[in-house]
Amino acid sequence: MEFIHSRAADLKPSIIRQMSQRRGPDTLDLTLGQPSHTPDPEVLERALQRYWEGPPGYTENAGLLGLREAIARHHELQSPQSVVVTVGSEQAVYLTLSCVIEPGDEVLIPEPGYPAYRGIVQFLGGVAVPYPLVETEGFGPNVDALEALGTAKTRMLIWNAPSNPFGAVPTTASTERALILAEARGWSFLSDEIYRDLVYSGERAQLPSELSSAIFIVSGLSKSCALTGFRLGYVCGPQAVMPKLVLANQLMVTCAPRLSQLMALEILAEPERLTAHKPFYAEARQALMDRASDLPPQATLRVGDGAFYATVDVRPWLSKKRGITTLSLALDLLAEEDVAVVPGVAFGIDTGDWFWRLSYAAGPSSAAEGMSRLARFLSHRKIPADI
Ligand SMILES: Cc1ncc(COP(=O)(O)O)c(C=O)c1O
């Protein structure tokens, strides 16, 4: 242990992964935000053809120029110099933070939220400052709360739209207010838009097409195009800073895998592919909503406007006195009904222990079957008397 840096020694396994690993061969798995589709074989075939045409090796550290041009067009940016291609969007978050924050800097992160934000900030020696996602605002951020949390040490605000775990899509008004606030206070603004093509109702706010000196957009094709296994993401940011991100990318990964980049190139040549799976998720989302009335009245299902996540508020079944948490309840659900969900505590130790997250990425029939099993489990489960 003495040879391990304290920041590595402090790392904890992801609760999402742990839940997912506990499933048996027949478990109905509603844990991972992982599409059940495989990537389109036709696109893969075309990408492979291009791959064999060569050259087959490393690409530029920033990614293939043609791909960066396509990404810049997709985000209405003028120059491919604003883009760095990464190994999944998670690496894009890591890369950006590694080039922006100093040890001790504070980063405002949404919580309950995507757990990697906290992990990455802390791993880089920063201080994660969670900002609440408020039920009264559809689990979107409250900009007044953000303003109050900022200090002289705040360096960056992380924004996630649509969000994990709530699928919330912040309004244009709150996004604009947050951008103005970040600019006025001298904070960088990182917009994680990995679910940008999965919005079922309402509209996702567009960021200004020319990125100001401190705005970064992170996204990728994992979720909308079922490319999780290809690990293809990117970050768009101010041209003055991007050359440094390219150098850092070189240190971390050299470049994203060429074949994955060629896949992305093929997909972006036919942008309608980005939303091709959306009707499938919309159907799964509807299947969940159709089963909401099966749940006992003490449980509340909330289905956000985007991403492929829903939550079930299980507070009535929890008990501090008896040690019943969202995690222990989820383990009981797994044992009794063979269905795996993610306990809310995975998205925020202090803020998330009141709900389960269900991923409906697995499709309509899994979503419907999962809800039936959940409803049966909760209906038979006694509500602890001390609550
Ligand atoms: C909000 C958010 N950002 C980023 C990612 C990472 O996606 P990937 O690295 O597969 O592109 C995820 C994955 O679950 C996510 O939920």
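**Strand pairs, helix crossings and unusual backbone**

Reader: Which residue in β6 stands opposite V107?
Author: The model is predicted. Strand β3 (residues 106-111) pairs with β6 in the parallel sense, over 3 bridges. Opposite V107, in β6, stands M156.

Reader: How many bridges join β6 to strand β7?
Author: β7 covers residues 188-192 and runs parallel to β6. One facing pair is L157 with F189 in β7. The bridges joining β6 to β7 number 5.

Reader: How many residues of strand β6 are buried?
Author: A residue is buried if 20 or more other C-beta atoms lie within 10 Å of its own. Strand β6 spans residues 154-160 and is mostly covered. The buried count is 7 of its 7 residues.

Reader: Which residue does a cis peptide bond join to A161?
Author: Most peptide bonds are trans. Here the bond is cis, with omega about -10°. The partner is found in the loop between β6 and α8 (172-185). A161 is joined to P162.

Reader: What is omega for the peptide bond from N164 to P165?
Author: P165 also sits in the loop between β6 and α8. The peptide bond from N164 is cis. Its omega is near 15°.

Reader: Which strands stand at the edges, each with a single partner strand?
Author: 4 strands form an open sheet, with antiparallel pairing. The order is β10-β11-β14-β13. Each end strand has one side without a neighbour in the sheet, because it has a single partner. The edge strands are β10 (300-303) and β13 (342-343).

Reader: Which residue is the bridge partner of T311 in β14?
Author: Strand β11 (residues 309-313) pairs with strand β14 (residues 355-359). The pairing is antiparallel, over 5 bridges. In β14, T311 has as its bridge partner R357.

Reader: Is A307 buried or exposed?
Author: A307 lies in the loop between β10 and β11. It has a positive phi of about 60°, although it is not a glycine. A307 has 29 C-beta neighbours inside 10 Å, so it counts as buried.

Reader: What is the phi of D338?
Author: D338 is in the loop between α12 (326-337) and β12 (339-340). With 15 C-beta neighbours inside 10 Å, D338 counts as partly exposed. D338 is not a glycine, yet its phi is positive, at about 55°.

Reader: At what angle do helix α5 and helix α9 pack?
Author: α5 covers residues 88-100 and α9 covers residues 242-253. Their axes are 10 Å apart. The packing angle is about 120°.

Reader: What is α5 to α9, oblique or parallel?
Author: Angles of 65 to 115 degrees count as roughly perpendicular, and those over 145 as roughly antiparallel. α5 and α9 pack at about 120°. That makes α5, relative to α9, oblique.

Reader: Which residues in α9 meet α5?
Author: The crossing of the two helices α5 and α9 is right-handed. From α5 come Q91, L95, T96, S98 and C99. Facing them in α9 are K244, L245, A248, N249, M252 and V253.

Reader: How many residues of the contact of α3 with α10 are charged?
Author: Helix α3 (residues 41-53) and helix α10 (residues 258-269) cross at roughly 125°, and their axes come within 9 Å. The contact includes R46 and R50 of α3, with R258 and E266 of α10. By class, 8 of its residues are nonpolar and no residues are polar. The charged residues number 4.

Definitions and conventions. Residues are numbered from 1 along each chain as its sequence is written. This is a predicted model: local features need pLDDT of at least 70, side-chain atom pairs count only at pLDDT 80 or more; totals for chains, interfaces and linings use all residues. Axes are lines fitted to C-alpha atoms, for helices over the stretch in contact, and angles run from 0 to 180 degrees between N-to-C directions. Angles under 35 degrees count as roughly parallel, over 145 as roughly antiparallel, 65 to 115 as roughly perpendicular and the rest as oblique. A crossing is left-handed if the near helix is turned anticlockwise from the far one by less than a right angle, and right-handed if clockwise. Two residues are in contact if their C-beta atoms, placed from the backbone, lie within 7 Å. Two strands pair if DSSP finds at least two bridges between them. A residue is buried if 20 or more other C-beta atoms lie within 10 Å of its own, exposed if 12 or fewer, and partly exposed in between; C-beta atoms are placed from the backbone. Ala, Val, Leu, Ile, Met, Phe, Trp, Tyr, Cys and Pro count as nonpolar, Asp, Glu, Lys and Arg as charged, and the others, Gly among them, as polar.
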